[in-house]
Amino acid sequence: MSRSVLVTGGNRGIGLAIARSFAEQGDSVAVTHRGSGAPEGLFGVQCDVTSGADVDAAFTAVEEHQGPVEVLVSNAGITRDGLLMRMGEDAFTDVIDANLTAAYRVAKRASAKMVRARSGRMIFVSSVVGLLGSAGQVNYAASKSGLVGLSRSIARELGGRGITANVVAPGFVRTDMTAELPEKRQQEILGQVPLGRLAEADEIASVVRFLASEQAGYITGAVVPVDGGLGMGH
Ligand code: NDP
């Protein structure tokens, strides 16, 4: 059965792999973008997730196009790395806004229709560093661990209405975000990954798709690592 899926930041990187994965199985998939347009075959809505008005308008457009969102994937995210002692407050709050407050915005906007339908799936894309911590990323790691509390609270609030909320915590994935890392840092990271390689975006997408599937109906409040073993023990 085809469902209405919305993936934030689904115009490229991990979000695009997730969007394509749902589209392949016949779902109606909408993606947000900030001006790049939507990749072929996907319905695009322009939306900056740091704006409540944009989020509201994007959901309205998606609802008109393909019906209420039944599967929400909150994936859009940014980094603004820097050591704590040198990090300006705007670098901290901007990352929290784009990665964590935005997740609250989209989850809240999706929830009313999901509650009415008495079903829904929310999946939040976090990161291994949310639990592991990461030098130079106090803002990013805080935003990503915040998603765990957010998702688990939603799981408790809305579980009785047939809605699940889960977190996927990728390790290092081959995308524009990791391409920015210096070669030396990439080698250091690889040295700590038991599988000895970066993930492909498709390897994150398949887990997200599973969590949205009927087979995963009894999984909620979970944090699923897809990190090649990097975060083991946390
Ligand atoms: P990319 O940098 O390749 O893409 C980021 C996506 O987020 C883009 O679609 C971008 O849109 C969107 N985005 C950023 N800010 C906003 C905003 N304010 N409003 C709307 N959209 C926005 O990142 P990845 O694909 O690598 O990452 C996707 C998610 O996975 C992120 O949450 C990231 O933190 C997480 N992650 C990534 C890992 C990695 O190794 N790559 C590891 C662990 C987690 P636009 O094209 O308009 O800029």
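Biologist: Is Gly77 buried or exposed, going by the C-beta atoms within 10 Å?

Modeller: Bear in mind that this is a predicted model. Gly77 has 25 other C-beta atoms within 10 Å. The cut-off for burial is 20 or more, so Gly77 counts as buried.

Biologist: And which loop does Gly77 lie in?

Modeller: Start with the company Gly77 keeps: leaving aside neighbours within four places in sequence, Gly77 is in contact with Gly9, Ala98, Asn99 and Val125. Ser126 is 49 residues away from Gly77 in sequence, yet 9.0 Å away in space, C-alpha to C-alpha. As for the loop, Gly77 sits in the one between β4 and α3.

Biologist: Which residues come nearest to the ligand?

Modeller: There are 29 residues around the ligand. Our Gly77 is one of those that come nearest. The full set of nearest ones is Gly9, Gly13, Arg34, Gly77 and Thr175.

Biologist: How many residues of the shell around the ligand are charged?

Modeller: Helix α1 (13-24), strand β2 (28-33) and helix α6 (176-179) each give the shell at least two residues. Sorted by type, the shell has 11 nonpolar and 14 polar residues. The charged ones number 4.

Biologist: Let's move to the sheet. What is the order of its 7 strands?

Modeller: The sheet is open, and its strands pair in parallel. β3 (43-46) and β7 (223-226) stand at the edges with a single partner strand each, so one side of each has no neighbour in the sheet. Neighbouring strands are turned by 20° against each other on average, ignoring direction. Reading across, the order is β3-β2-β1-β4-β5-β6-β7.

Biologist: In β2, which residue is the bridge partner of Val7?

Modeller: β1 (residues 4-7) pairs with β2 in the parallel sense, over 4 bridges. β1 also runs parallel to β4, joined by 3 bridges, and there Val5 has Val71 as its bridge partner. Back on the β2 side, the partner of Val7 is Val31.

Biologist: What angle does the direction of α1 make with that of β2?

Modeller: α1 packs on the sheet and touches β1, β2, β4 (71-74), β5 (120-125) and β6 (163-170). Against the direction of β2, the direction of α1 makes about 165°.

Biologist: Which residue of β5 does Leu72 stand opposite?

Modeller: β4 and β5 pair in parallel over 4 bridges. One of the pairings is Val73 with Ile123. For Leu72, the residue opposite in β5 is Met122.

Biologist: Which residues point the other way in β4 from Val71 and Val73?

Modeller: In a regular strand, side chains alternate between the two faces of the sheet. β4 has Val71 and Val73 pointing one way, and all the residues on both sides are buried. Pointing the other way are Leu72 and Ser74.

Biologist: How many residues of β5 are buried?

Modeller: Both faces of β5 are covered. Gly120, Met122 and Phe124 are buried on one side, and Arg121, Ile123 and Val125 are buried on the other. That puts the buried count for β5 at 6 of its 6 residues.

Biologist: Which elements do the buried residues of α8 pack against?

Modeller: α8 (residues 201-211) lies across β4, β5, β6 and β7, at about 165° to β6. Its buried residues include Ile204, Val207, Val208 and Leu211. Val208, for one, is in contact with Ile18, Val73, Ile123 and Val168, setting aside neighbours within four places in sequence. Taken together, the buried residues of α8 pack against α1, β4, β5, β6 and β7.

Biologist: Which helix gives the largest share of the largest nonpolar core?

Modeller: That core has 63 residues. Those with the most contacts inside it are Ile18, Leu72, Met122, Val168, Ile204 and Val208. The largest share, 9 residues, comes from helix α3.

Biologist: How many C-beta neighbours inside 10 Å does Ser111 have?

Modeller: Ser111 is in helix α3. Leu158 is 47 residues from Ser111 in sequence but 8.5 Å away in space, C-alpha to C-alpha. Ser111 counts as buried because its C-beta neighbours inside 10 Å number 20.

Biologist: Last one: does Arg118 count as buried or exposed?

Modeller: Arg118 is in the loop between α3 and β5. Its phi is positive, about 55°, although Arg118 is not a glycine. With 11 C-beta neighbours inside 10 Å, Arg118 counts as exposed.

Technical notes:
Residues are numbered from 1 along each chain as its sequence is written. This is a predicted model: local features need pLDDT of at least 70, side-chain atom pairs count only at pLDDT 80 or more; totals for chains, interfaces and linings use all residues. A residue is near a molecule or strand if its C-beta atom, placed from the backbone, lies within 6 Å of it. Ala, Val, Leu, Ile, Met, Phe, Trp, Tyr, Cys and Pro count as nonpolar, Asp, Glu, Lys and Arg as charged, and the others, Gly among them, as polar. Two strands pair if DSSP finds at least two bridges between them. Axes are lines fitted to C-alpha atoms, for helices over the stretch in contact, and angles run from 0 to 180 degrees between N-to-C directions. Two residues are in contact if their C-beta atoms, placed from the backbone, lie within 7 Å. A nonpolar core is a set of buried Ala, Val, Leu, Ile, Met, Phe, Trp, Tyr and Cys residues joined through C-beta atoms within 7 Å. A residue is buried if 20 or more other C-beta atoms lie within 10 Å of its own, exposed if 12 or fewer, and partly exposed in between; C-beta atoms are placed from the backbone.
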